[in-house]
Amino acid sequence: MKLVLIEGPGKRESVQHYLGKEYKVMPTFGHCRDLPEKTLGVNVAKNFEPEYVLVPSHKKYVEDIKRELKKAERVYFASDPDREGEAIAWHMCHLLDIDPKNANRITYNEISEEAVNFAIQNPRPIDNKLVDAQQARRVLDRLVGYKISPILCRKIQNKLSAGRVQSVTLRLVVDRER
């Protein structure tokens, strides 16, 4: 059996149908690793190194995937073909103890039999530039938003959060008000 990890459950049936019985398609349900909720999670002193943890709500999904991985002769990472999807594949490699340099990364831009089968025939390594781009975005969101979000919650409304985009927007609004 060959294991194919996709990002969301909505495509599972179609991809499974196109690949056939020798494949098992499982969703990761998005990012399974992220920065911790309660701390900054970025070591500024160590070149802004992120500290990743398993997302608690995804523990069961990862355990299910690990169980199936033991039966698999090969695993393919078929998350979406963007920087988020690339990072999801990279994070899954780390959670599954697979070297990302040796990962079978597949991408397709449409859910069709031709596209899915072409992708499975042409795996590639994980694109570290896309992973780095996603990590940089995530770290920036955290560095900016982690300090601003509590202020928004106190001053405007509870459960608001801000990141790099919202922070600039907030600054423009404040400048305009002044």
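A polar contact is a pair of N or O atoms within 3.5 Å; within protein, one of the two must be able to donate a hydrogen and the other to accept it. In the predicted model described here, such a contact is found at the start of helix α5, where Asp127 caps the N-terminal end. A side-chain oxygen of Asp127 lies 3.0 Å from the backbone nitrogen of Lys129.

Helix α5 itself comprises 28 residues, from 128 to 155. From its first C-alpha to its last, α5 reaches 40 Å, close to the 40 Å expected at 1.5 Å a residue. The helix nevertheless bends by about 40° at Gly145, a residue that is also buried. Other buried positions of α5 include Val131, Gln135, Arg138, Arg142, Ser149 and Leu152. In general, an α-helix has 3.6 residues a turn, so residues three or four places apart point the same way.

Gln134 is likewise located in α5. Because its relative accessibility is 3%, and buried means under 20%, Gln134 counts as buried. With residues up to four places away in sequence left out, Gln134 touches His31, Arg83, Glu84 and Ala87. Ala45, by comparison, is 89 residues apart from Gln134 in sequence and 20 Å apart in space, C-alpha to C-alpha.

Strand β1 was examined next. Five of the five residues of β1 are buried, so the strand is largely enclosed by the rest of the structure. Lys2, Val4 and Ile6 cover one side, while Leu3 and Leu5 lie on the other, and all are buried. This arrangement can be set beside a general rule: in a regular strand the side chains alternate between the two faces of the sheet. β1 pairs with strand β2 (residues 23-27) in the parallel sense over five bridges, and Val25 in β2 is the bridge partner of Val4.

The largest nonpolar core has 25 residues. Those with the most contacts inside this core are Leu3, Leu5, Phe77, Met92 and Leu96. At least two of its residues are supplied by each of β1, α2 (59-69), β7 (74-78), α3 (83-95) and α5. The greatest contribution comes from α3, with six residues. Leu3 touches residues that include Met26, Ile65, Leu69, Ala72, Val75 and Tyr76, not counting those up to four places away in sequence. A second, separate core of 14 residues includes Val4, Leu19, Tyr76 and Ala115. In soluble globular proteins, nonpolar side chains tend to be buried together.

Notes
Residues are numbered from 1 along each chain as its sequence is written. This is a predicted model: local features need pLDDT of at least 70, side-chain atom pairs count only at pLDDT 80 or more; totals for chains, interfaces and linings use all residues. Side-chain values use heavy atoms; hydrogens and water are left out. Helices (H or I, at least four residues) and strands (E, at least two) are DSSP runs, numbered from the N terminus. The expected span of a helix is 1.5 Å times one less than its number of residues. The bend at a residue is the angle between axes fitted to the seven residues ending there and the seven starting there. Buried means under 20% relative accessible area, exposed over 50%, partly exposed in between (1.4 Å probe, protein chains only). A nonpolar core is a set of buried Ala, Val, Leu, Ile, Met, Phe, Trp, Tyr and Cys residues joined through side-chain atoms within 4.5 Å. Contact means heavy atoms within 4.5 Å. Two strands pair if DSSP finds at least two bridges between them.
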